[in-house]
Amino acid sequence: FIDGVSGIVNRGCHNPPCGTGALDGGVERAENFKKVLDVLFDGSRPQISGPSSGPGSSSVDNTSSSGGSTADVWYPNYDAQFAAGKCVNDSPVPGGRPTYTTGSECCSFAYAGQASNACVNALSPSSSEEPGQSGGSKPSIPDSGPRPTRQPVPSTSEVGLIVNSDTFVNLERGLEGSKDDIDNKLFLYQTPAFQWIPSSVYKYADFIESLYIMATQGVAGKKFYIGEEGNDGHIYGLVNIAAFFAQSMKETIQYDACDENSWDLVNGKYPLSNACGQLGQSYQDYHCSEEEAHMECEVDPQMSLTAVTHAKWYGAPAPLYCGPKTSDQPFTGFWDYNYECNKGWANPPETCSVYEGQKAGRFDHSSAYASTGGRTDVEGCCWWGRGVIQTTGVCNFGKLNYYLGKRAADEGRESRYPSVDFCKDPEVICASAEYKELKWVAGMFYWMESVQAYNEGGWDYTTELINFVNGGMSGNGFIDGVSGIVNRGCHNPPCGTGALDGGVERAENFKKVLDVLFDGSRPQISGPSSGPGSSSVDNTSSSGGSTADVWYPNYDAQFAAGKCVNDSPVPGGRPTYTTGSECCSFAYAGQASNACVNALSPSSSEEPGQSGGSKPSIPDSGPRPTRQPVPSTSEVGLIVNSDTFVNLERGLEGSKDDIDNKLFLYQTPAFQWIPSSVYKYADFIESLYIMATQGVAGKKFYIGEEGNDGHIYGLVNIAAFFAQSMKETIQYDACDENSWDLVNGKYPLSNACGQLGQSYQDYHCSEEEAHMECEVDPQMSLTAVTHAKWYGAPAPLYCGPKTSDQPFTGFWDYNYECNKGWANPPETCSVYEGQKAGRFDHSSAYASTGGRTDVEGCCWWGRGVIQTTGVCNFGKLNYYLGKRAADEGRESRYPSVDFCKDPEVICASAEYKELKWVAGMFYWMESVQAYNEGGWDYTTELINFVNGGMSGN
């Protein structure tokens, strides 16, 4: 049933390819459908008539029995849900499981962060003994708040001389003054609304603790560079920190990761032996020099460890792990990221339980599968990258242990971490809640060893840093050299290892850090300075120029300072509006500063005429009043008071929190799923009331059949509707169609007219309904309110007339780096809020797939939960529900809304938020509920699916 529905929505037929191509996202749509059914029926689908193969309860208890033999090690029982997961020591030990010496150690690592504490609570006292020497930290100590102030040190000691020096005091003072901006503007990771939000792994408080350690005690006689003597000497140290941050932001912070992820694909699969080394490397063979060989860690083939961080995308590989080969499992296989493991409806149910938040995937040990380096096991492979710049290999972990860890203490040397054995447990760098600074300490150790000490080919790090500062901190030469050292091992790549990866991004990071640390104005110490001075700019128009008949946004300013102006001539490529208030409402919707509205004169705020555009949105002031009563004998009254509608609404209301918090989710590239900001249950239920009682064109949204259980058919119709909506728009948190059709690597601005060769303004009605469609107004100007949010993503779609100044449209240059606050004069990204890169390029005409090189009359792109498109569909909405119905004397739900003059009202209106649902339901009634082709009738198939126990796809 659901595969047939997906075919109709995605390809126009119930049995694709049917001439339009294979079904796209069929598995995901079916998965969505099952999720919705589980929410609406609380995990147990009702039986109405006929045989049922529903799953019954979706829970399962896979804990071990109490009567079996026991093993010498503990391992996680990956069969249960994460929240119910436990550690067991049943024999035999399954292959591919990380193992631990005690049950408490197993719980600490395998079920770290388990809020239920099911693992710990299930242990007997004897299983919680301290682990021996086979590997693993003690269970992490919870973070109970700020640590006590550091103990005073003698002022004449080596540490005292450093921390009391003017250089250190001034450096720390400068950092403390910027600490909030460091956490909230620099230590950010990316989420595909493609927002940047503060990291959960990397914090200023942990960094500053590590700085204190590495600047005063250091490792192997080396210390983290904090600058030179003298009043301004700390500035050199701040620039060293800026370079360190810039590389860290690129390497790990942007991914919110501490452990190395499994990312090396071998013939489309992720070998589990990637833990041994990726791209052909072998981390356990990263030995020290002959002089330092005595410091390195020994490889223990019995060591078993599991990473605590990992990638989080749909089906992402499990955390890296290491462990010995066994007779039962002498090899490792691969991670099957295509496997659909979350099958609560199956009998017996299946869950994804390898790691918390898992959506798909499983271990496949059916045969040996080699990594790029040829490994087919993970014995001794515990040395993957960890920490802010991925410390790797037996030499580096050995040096940390030799100078800072347990080995230093055991051999009588001063030790910062006398109980931490970096050789027995390298995972302590990421796992410890007691020593959170270790992820920074490890990165600083690398920095001191490989970057600060670099002096090759006439390029000495410290000399280049000092010259950069003395020269006014201008240019990219210094940071590009540093990036080469970190990424390729030399200051002037490719140098035999390949071209520099992410050089522009690393340089951009460096400039961001400098702007934060020096508050936008880099100090001059000596020599000429080409620093930018102030990073603000006012590009508002002068008051004396001539004016135009239209208003447009002054895209030169920052979004928060953006205004609408009517200066003449009108620049090409700008959306235009009839009044200033209309321009502010659309071009600067959501502008918290209200700079645009505040800059308008009263005359610029007159109501717009008929050229297009909604009135400015009405703020959402809370819940709407309860609906007015309707006569029980009216058509609407008969529907809303029927048992079918009452039971349907009762069922939905009982699930409304789960609908908002488990179904209406969008994905963020921590690849978490969080509640949508665009699609809400309250707006859906309002639209259901409208479309189930009034409908469009004589059609109504199907709510079920008569009888006690008749509403169940309606709930399944809603489940199918939700399943498609979750795939089409909700997962992207989008209302307007995004510009996504690449033509020779560029995004034509004329994608607004239609993508993949389509022409939305030519989507006409049938001859019988042609009188309903919207006329195409070549003067209409509109701009979408939602858009993609990735780095450099295209601007919102827009439409507008050709002009003599701009008779064509170009493309969106997503590679352009527009955020240059350090430039002179500064540049900002101001086309849309949150923009990180990109710009309009109108230097020449650039055609869409359909051949358009303009956006005149191209205001009919997709909008709403299932992307209503074209002059026919918007016309029908207006004819039955909007202003045209009212003007022609018919009953109208939205008498003031002209869907033909302003189709953007579907996404832009804060007064009628349900419109994005109404538009989708209209499509559903027209194209899905009415479908009856090739012997496949939608309503008949739905009823058969329910009567057959709701089994299958």
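These exercises deal with disulfides in the structure above.

The model is predicted, so local features need pLDDT of at least 70 and side-chain atom pairs count only at pLDDT 80 or more, while totals for chains, interfaces and linings use all residues. Residues are numbered from 1 along each chain as its sequence is written, and side-chain values use heavy atoms, with hydrogens and water left out.

**Exercise 1.** State how many disulfides the count comes to.

Solution. A disulfide is a pair of cysteine sulfur atoms within 2.5 Å. By this rule the count is 14.

**Exercise 2.** Describe the link of Cys322 and Cys382.

Solution. Step 1: the sulfur atoms of Cys322 and Cys382 are 1.9 Å apart, and the two form a disulfide. Step 2: the link is right-handed, with 100° about the S-S bond. Step 3: Cys322 is in strand 7 (residues 321–322) and Cys382 in the loop between strand 9 (362–364) and helix 10 (393–404), 60 residues apart. Helices (H or I, at least four residues) and strands (E, at least two) are DSSP runs, numbered from the N terminus.

**Exercise 3.** Explain why the disulfide of Cys735 and Cys907 is left-handed or right-handed, and place both residues.

Solution. Step 1: the S to S distance is 2.0 Å. Step 2: the torsion about the S-S bond is about -85°, so this disulfide is left-handed. Step 3: Cys735 lies in the loop between helix 23 (711–728) and strand 16 (747–748), and Cys907 in helix 26 (residues 905–908), so the pair ties together parts 172 residues apart in sequence. Step 4: both Cys735 and Cys907 are buried, where buried means under 20% relative accessible area, exposed over 50%, and partly exposed in between (1.4 Å probe, protein chains only).
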